[in-house]
Amino acid sequence: MAGESVPEGPDLKEKGEEELWELINDNRHRISLGVRPCIVIPYLRQARVLTEMDEDEILSSHNLTNRSMRTSHMMDLLRTQGRNGAVALLESLMIHYPTLYTQVTGRKPSSEPSRFSGLIKYSELTEYLIRAVTAMQNELQEARSESGKMNTRCASLESEIQLVMEREENSRRLQAEYERLQRHVSTLQREVTNLKDEKCDLYMRYTAAIEEKSTMNMRLHDLNLQTYQLQTELQKAQADSDFQKRRSLRCVPLAEASQLQEEVRTLRFQLIKIEKLNPVQQAILPHDVAEVIDCQAELVEKLSCSREENEKLHKENQDLLDQSEGLTVQVHQLTLDCNMHQQKSTVIQNQMRELQTERDQAFLSRNEAQIQIASILAEKDTLRSQIMELKKAFSLHDKDRQSSDVRGIACKCDHSPIPNRRKLCRMDAVNPSSRNRFSSECDDSMASRVEPPSPQSLRIRKGALHEENSLDTEETDDLSLDDFVILPNGLMQIPNTDQQVPEVLNEGKETSTQFVPGRTKSIYSLDKNSVPPFLVRSRPKAIRISGRVVTISFKGDALPNQIVVAGGNKTGVFVHQVTEGSAAHSAGVSHGAQIVEVKYQQNQKAIRVVLEDSTLEEAMWALGQVTDLCHLSLRPRQDDYEALLQQLQNDKLSSGDSFYVRVNVTIPAGPKGTMAVSCNDILHVTNTRPANTDDSWYASKVDAYKLLAHQSRLVPNYYRAQRLLIRAIEEMNFQTRKSEKEGHVVAQNTRKAVRIVSTCQQGRNPLWVSVENEKSKSTESGETSAPRSCMTLMPYTLVTPHFPPICRPVLLLPSILGRILDKKVASWQGFELCEPEVLSPSDHSVRLQKSQVLEECGQGSNCCYTLQSVEKVMKKGIHCVLPLGLDCVRRLHRAEIFPIIIFFCQSASSARKLRSKLHRHSLSEEQLLVCSKSEEPLLDKLPCLYHKVAPDSWCDHNSLLTELRSVLSVERRKIVWVEPDLW
């Protein structure tokens, strides 16, 4: 042991404070990665270099988000203890991390007391070492037991792997058999398809044959008509020919024959005279012949004109005949159609008569049932009165038996009549609010006999109760759903028939409730034109109405299949479609009503989800969680619903959703056509449930200067983006280290693509409530499931736009570089440096309580920077240069002041460019780099955007100021996007 514990380097006791801390700082990265503060803190507490407050700060601080930061902060606290802190840290490493101790000091660890510095007493050191050894032995035993369990687990996993391989072989055989059957089924399907095609062809041929048959029938009918017409004309022609024949064959009389002979002789004599003309007459004859020829030519012309007119008239006559034939065919077709419609109307009238007969029978059966119910109720009242009489007789008989020994008392009892009770009778139900008004009617109705109900039983007293239609909403707000009895079909019914029956009257958009006395009549005896009531209360005031919100209860099994919703957080969630025959349809849910909230029970816990300002995705998720009875609160907003439908039809909106988010992770373009977005981009989400996808939103990138959309496409929804964010973080933390230099470059590039933002509500993100209970859906191959402990990571954060004045305050970071540039920027035109104020103690405390103090100038002094000093500069219309840190940003935001934040990224080369400026202010390059590294992670926690200036964008102090001036001119014209404070 002694030979092994000989130190290989110089003794640590001989080294001074600076040497020890230089040795620790040289190995600071290794210690930060390899040491767990919770293990070494007990030794440091016993060495009295750390206090209890230091331990709480190290282990419980929210600013220290990982183990490396806690270890670094612990070393910073030990640095304040000087040499004792360094020695105690090295001794704790020698006890708990001997390998790391050897790497840091170059010496081998030893448990000899002489090797310790004496910060802890010998007895306390021995006791601590014993506890440490015991703890290590326990850890060794636990590790061995865990190793045995893991070996057993490995053996069981190997057997399971063998079983899985066998199952895989079976599945392969089944897959081959399935493929064979599938091919056989596809063959059969093709045969069936061919048969269906042949059947379709036959149907087409049959239809064509039927049409051809009908056409031939019509043509045959037309030919029959033409045949009839031709036969008629033939008969007329035969009659004319017979008449002419009979006339020609008629015998001529003798007197007429002699006259004709005389005329013939006369004509012959005249002809002889004409032939023997004298010369004068022969001279005149040529002249007459010429005149006759002229007259004949005129007559020929007239005859040709007459022939042309005759041909025209003949053509017109032919056209008219064709038109008459067409009209005759149309008349025949119309006659056939008229006959067919007459037959249809006759069938419909017969059906209507049958339906009227059935309706009359149903009315008769209903009236008989109502009369029977009335008779049963009358018998019930009679039986109740008989029971009361029997009870009275029994009480008299019992008293007579008890007083048989005392005759005087018996006589007294015989002569003292028992007061008669009022007989039971069924009374009319009266609205309690009108009890005084109708007291006389109630007194009269107590003695009324039961009357059979009629179809108008619920409207008998409609005129009398017309003044009671409007109810006070303050009284109805105190009602609960426990006052209703739920029917299986979604309706509510009273347990007995002696209660009031409400009647819901919907006129346009108004909703009124009217209570009508039942008079022992059934709630189903409404008129066929009246609206059926869906709520019947067992106590006064039947419907729960708060303003214009109506609550309906029904069975909500598979509620998304019963109703389809539309809208979103901008317009409200509306009922778009209701499945006929469903419980929602039976309960009276109709399209156009806004869903305000839904109540249901899950795992014996009552859940209430308000959907008044929810997105469409959240509303559909909430409705999908309902598995049993649900209470749906609806508000009629038909005009807004119709306006939403009009905008959806005109493609002005894709849904009713509208909100802005800030992207916290760089997402490349996906295979589904998703849009590539970068970290810190602003998106305008307009549809949280686009068509044909369940894991995407429809959004557009927003311009930095105006609320205009540049590019509109699909992006991953909140849950899918959260999984991508977790994958990016895993790749950043568990990447392969091929070489230390390459690994550092990859980590640095990955850090720029991720912004770590979380919410304080475990399992509930601020966008909607469905993240914790939503079933994980693998949207992409190879995605790892999101663990429950990482559900606070936010890929998107809600933001709201602000349009502040151009003259906004200016905050330059890192703070060391900002102190150097503040005075130079303040000397520019339009800029002024913010000056601190000296306050009295009372004024200082008051402003501190009101969060008006931005930053203190020093400890114990009342000199500080206040909101009033910033506002004073802004009122001048110039920029206020803030010589402050990042802590002032949230205080300024609460006062609606949004500063321009500019961060100058630093590297070793850029720090060397500012060496002369740093030396003038007694600062070093290392201090600038440390300040930059410490403040850069805090930028992601700011609720607003900022601008980063790359270190290679400027070369000296003058170019840095030029770059700053150009950045300021651009930044002051941008829209300010602010997210809610999640820290």
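This is a short tour of a predicted model, with a few selections to make in turn.

**Helices H4 and H5**

Begin by selecting helix H4, residues 52-60, together with helix H5, residues 67-79, whose axes come within 9 Å of each other and cross at roughly 155°. That angle makes H4 roughly antiparallel to H5, and the crossing of the two is right-handed. If you now show side chains, the contact is made on the H4 side by Asp 54, Glu 57, Ile 58 and Leu 59, and on the H5 side by Arg 70, His 73, Met 74 and Leu 77. Sorted by character, the residues of this contact comprise four nonpolar, one polar and three charged.

**Helix H1 against H5**

Keep H5 on display and add helix H1, residues 17-26, where the axes of H1 and H5 come within 12 Å and cross at roughly 175°. H1 and H5 are therefore roughly antiparallel to each other. Here Glu 17, Glu 18, Trp 21 and Ile 24 of H1 meet Met 75, Leu 78 and Arg 79 of H5, a set that divides into four nonpolar, no polar and three charged residues.

**Helix H16**

Move next to helix H16, residues 616-624, which is largely enclosed by the rest of the structure, because seven of its nine residues are buried. Those to select as buried are Leu 616, Glu 617, Glu 618, Ala 619, Trp 621, Ala 622 and Leu 623.

**Leu 886 and its surroundings**

Then centre the view on Leu 886, in the loop between strand E20 (879-882) and helix H23 (888-894). Is this Leu 886 buried or exposed? With a relative accessible area of 11%, Leu 886 is buried, since the cut-off for that label is under 20%. Leaving aside residues up to four places away in sequence, Leu 886 touches Leu 811, Leu 813, Glu 935, Leu 938, Leu 939 and Leu 942. One of these contacts can be checked with a distance label, as the C-alpha atoms of Leu 886 and Leu 938 are 7.9 Å apart in space, although the two residues are 52 apart in sequence.

**The cysteines**

Finish by selecting the cysteines, bearing in mind that a search of the whole structure finds zero disulfides. Cys 863 is in no disulfide, and the nearest cysteine sulfur to it, that of Cys 857, is 3.6 Å away, whereas a disulfide would need the two sulfur atoms to be within 2.5 Å. Cys 863 counts as partly exposed at 21% relative accessibility, and Cys 200 likewise counts as partly exposed, at 42%.

How values were computed
Residues are numbered from 1 along each chain as its sequence is written. This is a predicted model: local features need pLDDT of at least 70, side-chain atom pairs count only at pLDDT 80 or more; totals for chains, interfaces and linings use all residues. Side-chain values use heavy atoms; hydrogens and water are left out. Axes are lines fitted to C-alpha atoms, for helices over the stretch in contact, and angles run from 0 to 180 degrees between N-to-C directions. Helices (H or I, at least four residues) and strands (E, at least two) are DSSP runs, numbered from the N terminus. Angles under 35 degrees count as roughly parallel, over 145 as roughly antiparallel, 65 to 115 as roughly perpendicular and the rest as oblique. A crossing is left-handed if the near helix is turned anticlockwise from the far one by less than a right angle, and right-handed if clockwise. Contact means heavy atoms within 4.5 Å. Ala, Val, Leu, Ile, Met, Phe, Trp, Tyr, Cys and Pro count as nonpolar, Asp, Glu, Lys and Arg as charged, and the others, Gly among them, as polar. Buried means under 20% relative accessible area, exposed over 50%, partly exposed in between (1.4 Å probe, protein chains only).
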